[in-house]
Amino acid sequence: MKNFLFLVIAFFSVQMVSAQEATTVSNDKVYNTAGIEVKPDFPGGIGEFYKYFAKNYKTPNVKKLNGKVYVTFVIEKDGSINEVKVLRDIGYGTGEEAIRVLNNSPKWIPGEQDGRKVRCSFSLPINIDTR
């Protein structure tokens, strides 16, 4: 009888933990920016973001460096930036510098789905030109 009772308690404990994990995962879903009702935005718009980026980005001291750094990141429910990744860069530390600037970015206005703030993926090309 004790073994049976132990198995029942263990079974329900596992079920409760599984249900809690499922709830957590659904609340932390990362939405694609293209598929949500209200898209995330930088305060003042994307033009202001590019001004912020240009002001804070330290371009490598390489003559005639020209190209794009492609980055992706997650805008959290509170507007902070997380999970910054460089998809492609042009070398000379351009990707690492983009990560530094993004990690120090002011908070964004988060995206919304069904009237609730949600986590959103966001991708950007960043032009680098030292000509």
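1. Before we look at two helices, one term: a helix axis here is a line fitted to C-alpha atoms over the stretch in contact, and the angle between two axes runs from 0 to 180 degrees between their N-to-C directions. Keep in mind as you read that you have a predicted model in front of you. With that settled, look at helix α2 (residues 46–56) and helix α3: their axes come within 10 Å and cross at roughly 120°. Angles of 65 to 115 degrees count as roughly perpendicular and those over 145 as roughly antiparallel. That is why α2 is called oblique to α3. The crossing of α2 past α3 is right-handed.

2. Who does the touching where these helices meet? On the α2 side you'll find Phe49, Tyr52, Phe53 and Asn56, while α3 brings Glu97, Ala98, Arg100, Val101 and Leu102. Sorted by character, the residues of this α2 and α3 contact give six nonpolar, one polar and two charged. Try picking them out on screen, one helix at a time.

3. Now step back to the whole chain. You can count three helices and five strands, and walking along the sequence you meet them in the pattern α-β-α-β-β-α-β-β. The chain has 131 residues, and 31% of them count as buried. Here's a nice one about the fold: take the contacts with a separation of 6 or more, and 75% of them are between residues 24 or more positions apart.

4. Back to α3, and to one residue in it: Thr94 sits in this helix, which covers residues 94–103. Is Thr94 buried or exposed? Its relative accessibility is 0%, so Thr94 counts as buried. Setting aside residues up to four places away in sequence, Thr94 touches Tyr57, Pro60, Leu65, Val69 and Asp89. The side chain of Thr94 also reaches the backbone nitrogen of Ile90, at 3.3 Å.

5. Next, have a look at Glu76, in the loop between β2 (66–75) and β3. Being in a loop doesn't tell you whether a residue is covered, so check the value: Glu76 has a relative accessible area of 13% and is buried, because the cut-off for buried is under 20%. What does the side chain of Glu76 make a polar contact with in β3? One partner is the side chain of Asn82, at 3.1 Å. Another polar contact, of 2.7 Å, joins the side chains of Glu76 and Arg119. Leaving out neighbours within four places in sequence, Glu76 is in contact with Asn82, Pro110 and Arg119.

6. Follow that link over to Asn82, which is in strand β3. Asn82 has 36% relative accessibility and counts as partly exposed. Not counting residues up to four places away in sequence, Asn82 touches Phe73, Val74 and Glu76. There is also a pairing to look for in space: the C-alpha atoms of Asn82 and Asn103 are 7.4 Å apart, with their positions 21 residues apart in sequence.

7. Two residues deserve a second look at their backbone. Glu83 has a phi near 55°, a positive value in a residue other than glycine. You'll find Glu83 in strand β3, residues 81–88, and with a relative accessible area of 38% Glu83 is partly exposed. Asp114 also has a phi near 55°, again positive in a residue other than glycine. Where does Asp114 lie? Asp114 is in the loop between β4 (111–113) and β5 (116–129). Its relative accessible area is 60%, so Asp114 is exposed.

8. Finally, two pairs show how the chain brings distant parts of the sequence together. Asp114 and Ile36 are 78 residues apart along the chain, with 8.8 Å between their C-alpha atoms. Lys29 and Val118 are 89 residues apart in sequence, and their C-alpha atoms are 7.7 Å apart in space. Lys29 itself lies in the loop between α1 (2–27) and β1 (30–32), and at 44% relative accessibility Lys29 counts as partly exposed.

Notes:
Residues are numbered from 1 along each chain as its sequence is written. This is a predicted model: local features need pLDDT of at least 70, side-chain atom pairs count only at pLDDT 80 or more; totals for chains, interfaces and linings use all residues. Side-chain values use heavy atoms; hydrogens and water are left out. Helices (H or I, at least four residues) and strands (E, at least two) are DSSP runs, numbered from the N terminus. Buried means under 20% relative accessible area, exposed over 50%, partly exposed in between (1.4 Å probe, protein chains only). A polar contact is a pair of N or O atoms within 3.5 Å; within protein, one must be able to donate a hydrogen and the other to accept it, and residues adjacent in sequence count only if both atoms are side-chain atoms. Contact means heavy atoms within 4.5 Å. Angles under 35 degrees count as roughly parallel, over 145 as roughly antiparallel, 65 to 115 as roughly perpendicular and the rest as oblique. A crossing is left-handed if the near helix is turned anticlockwise from the far one by less than a right angle, and right-handed if clockwise. Ala, Val, Leu, Ile, Met, Phe, Trp, Tyr, Cys and Pro count as nonpolar, Asp, Glu, Lys and Arg as charged, and the others, Gly among them, as polar.
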